[in-house]
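Hi everyone, thanks for making time today. Let me put the sequence and the structure up, and then I'll walk you through them.

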Amino acid sequence: MLLPLLSGKDRQGNAIQQSDWPSELPVLPLRNVVAFPDALLPLAVGLERSIRLLEDVLEGNRLVVLVAMTDPSVEEPGTDGVYQIGTLAVVDRALRLNEDYQIMVRGLSRVRIVDWVGDTPYLRARVEVFPETFGDEKEIEALRRELLDAARRMVVFFPQVPEGIVDMLDQMPEPSLLLYMIASNVRLDVGQAQRVLAGPDLATQMRTLLGIMQHELEVLELGQKIREEAQGEMEKTQREYYLRQQMKAIQKELGDDESDELEEYRSKIEEAGLPKEARREAERELDRLGQMNPQSAEAGVIKTYLDWLVELPWNKLSEDNLDLAHAEQVLNEDHYGLEKVKERIVEFLAVRKLRLERGVEDDEDVGATAILCFVGPPGVGKTSLGRSIARALGREFTRMSLGGMRDEAEIRGHRRTYIGAMPGRIVQALKRVGTRNPVFMLDEVDKIGADWRGDPASALLEVLDPQQNHAFRDHYLDVDFDLSDVFFITTANTLSTIPAPLRDRMEIIEIDGYTEYDKVQIARGYLVPRQVKSNGLQAGEVKFTDEGLKTIIRDFTREAGVRNLEREIGRALRKVATQIASCKDDTACDVLVDPERAREYLGKPRYRDESYLRTELPGVATGLAWTPAGGEVLFVEAKVMEGKGDLILTGQLGDVMKESARIALSYVQGELQNLGLPEDVLEDRVVHLHVPAGAIPKDGPSAGVTLVTALVSELTEQRVRGDVGMTGEVTLQGQVLPIGGVKQKVLAAHRHGLKTVLLPKANEVDLEDVPQEIRDELQFVLVGHLDEVLERALVPTVEFEVALDEATEGGNGRSKEFAAGMLA
């Protein structure tokens, strides 16, 4: 049961005189509350210093001085962090809860701090009574009545207050007791309550409290008026309408026509630095928002649109790092080789540096930024190269995959008329990186689809055109956005599937497959350290010999890039990690991966040299082909059987390759005598030409020489040299025409262990692109006619030599010359 309010009494009801006080009293700072005399106040005590003070007070006379803090954010205020006028109180109750105390204090008298004694272990001071001086009794009585009247008016707004409370206040004999009773029950902030407590005389204190109460009454009456106005204009069942009208009434009384939300949007528009057109559109939409119901669906659409407008990086640009040496260093650190790409990036930086130094940065007549397109097989580092370029330039990097994209709206966005509309992924990516000039990689540009939703490749025409993308218009934003500062880089495996208009807008940089030497260097400098770290190993615990790496490259991978090579290295290192983890002697745990260890870790070889095995019998020739994954070796098989003289083609051949097969057969039929074969050798015979790996589509004219060689090998029963690979288009006259993809095909020949490559003479210039170490290891034979191909590709046999002598008896000079070349 709470003790009655007795002014200046101890717990037994005896009056407490200042002469009974100790010379110094403990001072307890209060946060966000002011203690008044003659009032009970519950407090929670949790700070270590305050708990020490409370425990000392409970052991003594239970007297404590309560003062409010000037700054509530201070954890433990000093003597200058509290008010100098407070309340002497006695601790009536104290309850220990875990580490904290819950106490009930009762104010006794208003006091003033005379002198601070100390601040350790808690604040202590000497105080004196600061009594309330009455002054004019009539003025005090008038103020007393006004306070009672204000209290009576205020009680009306609080139905939970019991009836008769004001009458009880009227019975209080002391005006100071009435003052503090009302002050302790009216909503006051710390500053207001301290002004009431620290007033120089009772009249001032009562006036201060009366002014605060009158202001609070005005607010309460205004709130009631607002509720009444809104209540009269709405139906009782429409709560949403009621809340909306109440808000309108509040705005009307405050004289404020715009909500805080509208002001916030307006300030964001000012800070965003929007172009003229975008700013005009944003302000128009903001005016529409202010005139509509904020709860409507259309308002939500407008807010989303404004959010996109103000959050886009209209004027935020990353500063380019134009240090050419730094760019070269970064590119060399991240990638081996790729000299053409690195050279192009350095050129870009050099041009940009000169334009800045010579003041032509904003000249529209100067050529715009080029759009680069990296074309090459998988795993050669096209995508990772984009990150390195961004790091070299000091720009942000973002990537978007175009593989399988079929909806034009993915690029241009959806119009706002659609539910759930959003900007395209171009705009989304720019918002995500926060700058207007990132390095933007568009991956797999050759794998874009098209259907009834549009053609994304056509939408990219504007994005990737330096003369147009300064005014790119997304369907959702419906305002121009400048993409001219974006460094666009696209990647592809093949150019054949990229539409010609789109291909024309890009600067093509071909990234070919790596040689075995390149792969060893890449593995040693990049792949092995990365996989060592990934598998929890240390650099000194495992080493790969060059021969060990070559074993992995030759026996367990067959690719133009290094993606599978890294995978196989990781697989071997996991075996090493298992071995080291179970090793007890740390000094004997280091591992050297040589060819034997590589085979032990990776198992039996996955690939073997098929050229010699496939060409052990006549009728099989080794050809070289180009694929989006790099160059490849293919085998052409020919079989001549009894039948009706048909030509059978299998192996999922395309139309162009089928025509090459018919040309090959026609050429052989026309050259039977020159080849030393009977003229009726193909009568009532079926010729079957097959290219293995039948699940893979094949097309192109470059297999012509291989088809002829396989067919001649079958007819003459001479096998084809196992170390020879060939490529070239043929004509009915036996001429060998140039083909494409020479570098990729030569790399494939080297990768498969071939020693000699037959190429059209017209492709001699393309050999300059082949790395020097490959040219040193391979023998290149440049041919212009099929006679030269057959001379170098076929291996004469004893049986064929006899047959050749018989067949060339009486033959023309060309057949004898050919036979002599064959026997050579």
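**A walk through the model**

Let's begin in the middle of things: helix α12 (residues 339-357) lies across β7 (372-375), β12 (487-492) and β13, running at about 145° to β13. Lying across rests on contact, meaning heavy atoms within 4.5 Å. For the angle, axes are lines fitted to C-alpha atoms, for helices over the stretch in contact, and angles run from 0 to 180 degrees between N-to-C directions. The names of elements come from DSSP runs, numbered from the N terminus: helices are H or I with at least four residues, strands are E with at least two.

Before going on, a word on what you are looking at. This is a predicted model, where local features need pLDDT of at least 70 and side-chain atom pairs count only at pLDDT 80 or more, while totals for chains, interfaces and linings use all residues. Residues are numbered from 1 along each chain as its sequence is written, and side-chain values use heavy atoms, with hydrogens and water left out.

Now, which sheet does α12 lie across? β7, β12 and β13, which α12 lies across, belong to an open sheet of five strands in the order β8-β9-β12-β7-β13, with parallel pairing. Two strands pair if DSSP finds at least two bridges between them. At the edges stand β8 (397-401) and β13 (507-510), each with a single partner strand, so one side of each has no neighbour in the sheet. On average, neighbouring strands here are turned by 20° against each other, direction ignored.

At the β8 edge, five bridges join β8 to β9 (residues 439-443), and the two run parallel. If you want a pair to find on screen, T398 has F440 in β9 as its bridge partner. A second helix, α15 (residues 425-433), lies across β8 and β9, at about 155° to β8.

Let's move to β1, residues 25-30. Is β1 mostly covered or open? Mostly covered: six of its six residues are buried. Buried means under 20% relative accessible area, exposed means over 50%, and partly exposed is in between (1.4 Å probe, protein chains only). β1 is joined by four bridges to β3 (residues 63-68), running parallel, and V27 stands opposite V65 there. Two bridges also join β1 to β6 (residues 124-129), this time antiparallel, with L25 partnered by A125.

Next, two helices. α9 (residues 276-290) has 15 residues and reaches 21 Å from its first C-alpha to its last, close to the 21 Å expected at 1.5 Å a residue; the expected span is 1.5 Å times one less than the number of residues. Its buried residues are found at A278, E281, A282, E285, L286 and L289. Seen down the axis, they fall within an arc of 135°, so they line one face of α9. That arc is taken from the directions from the helix axis to the C-beta atoms. As a reminder, an α-helix has 3.6 residues a turn, so residues three or four places apart point the same way.

α23 (residues 655-670) gives us another such face. Its buried residues are M657, S660, A661, A664, L665, Y667 and V668, and they fall within an arc of 160°, so they too line one face of the helix. On the other side of α23, D655 and G670 are exposed.

A few backbone spots deserve a look. Most residues other than glycine have a negative phi, and most peptide bonds are trans. With that in mind, T120 and P121 are joined by a cis peptide bond, with omega about 0°; P121 sits in the loop between β5 (100-118) and β6. R62, in the loop between α1 (48-59) and β3, has a positive phi near 65° and is partly exposed at 22% relative accessible area. E717 has a positive phi near 55°, and at 59% relative accessibility it counts as exposed.

One last residue: where is N535? N535 is in the loop between α18 (516-534) and β14 (542-544), and is buried, with a relative accessible area of 19%. Not counting residues up to four places away in sequence, N535 touches G570, L573, R574 and A577.

To zoom out, the chain comes to 29 helices and 24 strands, and 47% of its 824 residues count as buried. Thanks for listening!
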